[in-house]
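Let's take a walk through a protein model together. Keep the picture open beside you and follow along at your own pace.

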Amino acid sequence: MKKEKSIMEKIAEANKTVTKGVDEKEVKHWVTIYIMGKPCRVPAALTIMQAMEYAGYKFIRSCGCRAGFCGACSTVYREKGEYKLQTAMACQTRVEDGMYLVQIPFAPAEKAIYDINEEEYDISVFFKYYPEVARCVSCNTCTKSCPQDLEVMDYVQAAIKGDFAQVAEGSFECIQCGLCAMRCPADIVQYHLAQLARRMYGRYGSLEEKNVKKRVEEIKKGKYDKEFDRVMSLGGTEFKNLYTEQQRTREVY
Amino acid sequence: MKISYFPGCTLKTMAKDFEDSALASASCLGIELVELPRWNCCGTVYSLTSDDLIHQVAPIRNLIRVKEQEDNRVVTLCSMCYHTLKRANKLVREDREKLDKLNNLMYREDVKYDGEIEVLHLLEILKNEVSFNQIAKKVKIPLKELKVAPYYGCLLLRPPEIGLDDAENPTILKDFLESIGAEVIDYPYQTECCASYHTVVNVDLVVERAHDILSSAINQGAEAIVLSCPLCGFNLDNRQKEIKEKFSDFKGIPVFYFTQLLALSLGLDEKVCGFELNFVDPRHLLKSKHLTGRV
């Protein structure tokens, strides 16, 4: 009987780079995509990221976890016959015939440097570091561009109202890909703003998590010292085996 | 009576005293102001450029939020929000093409706007639906001997087709203030502009104008100013610091939101009035008139 594959094996398989290893005889469906204008014939089953690798591109940027979590592989594209510019994560989006696309390796925006312990838990902190937030015209372009389907405009508006909790909760699943900021006609850098809000909310607004406090105390008292010592004393192979076993037995996703 | 309520950004921050006193007073008068879910900035300053539709998105999106609540009216407190929402509403009611364009811009909204919503100011609700006579009956602490000067500024009154009262000779604030027992001072500057957003880049201009307005009221015997706009409030209240620096003989005068005095007169807990947020502290004046510390 064929053994059922574990979820980790499935993920590993789905995400392997396909530059090599595709047997073209087995591919039934092909599409033509335009990578930065250049037509490339690629298997229809691939994601944008896999298709670009298939076409010969080697990623040194615009590529990260390959699982939709890290926000590194921002893509902008237009579908065949469609005028609207679309945004997505390259690792999460299947290629379509006639698609024009390009990777956006980075969203250029200055990230403010601050010490949350020295900032006032007040709306003024948003205007101090990201004053352009006040330029929002509620056009909702940010929301439309978000590959995480967050209500980006709503959390930007919450910032203007000084509602840290709503910004923090509304942006919790942000992967910082920067596509909102690339599309915003008011030049707001939504994801940096949201990070500031989450930090401030975590520091001043949210309730203290009792279990975390308890666990930190346990660690300080040395409850886990023995286990730490054991893991730290393992050799390379033993450590690797332990890690692999842990990944296999616990579903991290 | 339940009615959808659009607070606006400033009422959640610098003008929290305005919101708190309004919500408590409205509740005391039997009006439940139900805050709109997912409201956004009103658009702050109605755009006068005829083809600048992107700046009409914000106000119309808010009216869509009202429609989503299956309400046909929305009430505001801030004069700026009132003006921007009402004027954008008028624009799309009279220009179908612009309305269609705006709906198309907001194609992700489930509800299309069709000009159905009425934009109201709380003063209109107090006048037309509660009535000043009824308010007078509910007053527990009449503000007698308190000489107050109503200040309308621009946004409640102009242009006339948007204004909630006669643009030249408004009486709504006067009638309201009389209903809560105050002595109303007449002065010629009550509909003058406070200099608005010049406060960001041209403080001197604001100082001159605010000084003229406040001095005129003071010269007529006013002990306090009453208004309904956080921006006018900033210019007439907070800018008194700069006025005093420029005009050494200027003594200063407290500036109230009309709802602060309403809450006070209804005998509500002074905490909802938020007097500590007023730049020129009014508590000494109120105490000297025996209007505080009585509940």
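In this predicted model, helix α7 of chain B has neighbours on many sides: its buried residues pack against the helices α5 (122–130), α6 (132–138) and α12 (258–265), and also against the strands β5 (147–150), β6 (183–184) and β7 (224–227) of chain B. You can find α7(B) at residues 172–179, and it is mostly covered, with six of its eight residues buried. Which residues of α7(B) are the buried ones? They are B:I172, B:L173, B:K174, B:F176, B:L177 and B:S179. Just keep following the chain, and after α7(B) you meet B:G181, which has a positive phi, near 90°.

Now look at B:I225, which lies within the range of strand β7 (224–227). Setting aside neighbours within four places in sequence, B:I225 is in contact with B:A149, B:Y151, B:L214, B:A217, B:L236, B:I253 and B:V255. B:I225 also belongs to the largest nonpolar core, which has 144 residues. Together with A:L193, B:V226 and B:L236, B:I225 touches the most other members of that core.

Next, turn to chain A. It is divided into domain 1 (21–103), domain 2 (116–205) and domain 3 (210–241). Taken over C-alpha atoms, the centres of domain 2 and domain 3 of chain A are 36 Å apart.

Finally, see where the two chains meet. Here 12 residues of chain A are in contact with 13 residues of chain B. On the chain B side, the touching residues divide into six nonpolar, three polar and four charged.

How values were computed. Residues are numbered from 1 along each chain as its sequence is written. Chains are lettered from A and ligands numbered from 1 in the order in which they are written. This is a predicted model: local features need pLDDT of at least 70, side-chain atom pairs count only at pLDDT 80 or more; totals for chains, interfaces and linings use all residues. A nonpolar core is a set of buried Ala, Val, Leu, Ile, Met, Phe, Trp, Tyr and Cys residues joined through C-beta atoms within 7 Å. A residue is buried if 20 or more other C-beta atoms lie within 10 Å of its own, exposed if 12 or fewer, and partly exposed in between; C-beta atoms are placed from the backbone. Two residues are in contact if their C-beta atoms, placed from the backbone, lie within 7 Å. Domain bounds come from an automatic or database domain assignment. Ala, Val, Leu, Ile, Met, Phe, Trp, Tyr, Cys and Pro count as nonpolar, Asp, Glu, Lys and Arg as charged, and the others, Gly among them, as polar. Helices (H or I, at least four residues) and strands (E, at least two) are DSSP runs, numbered from the N terminus.
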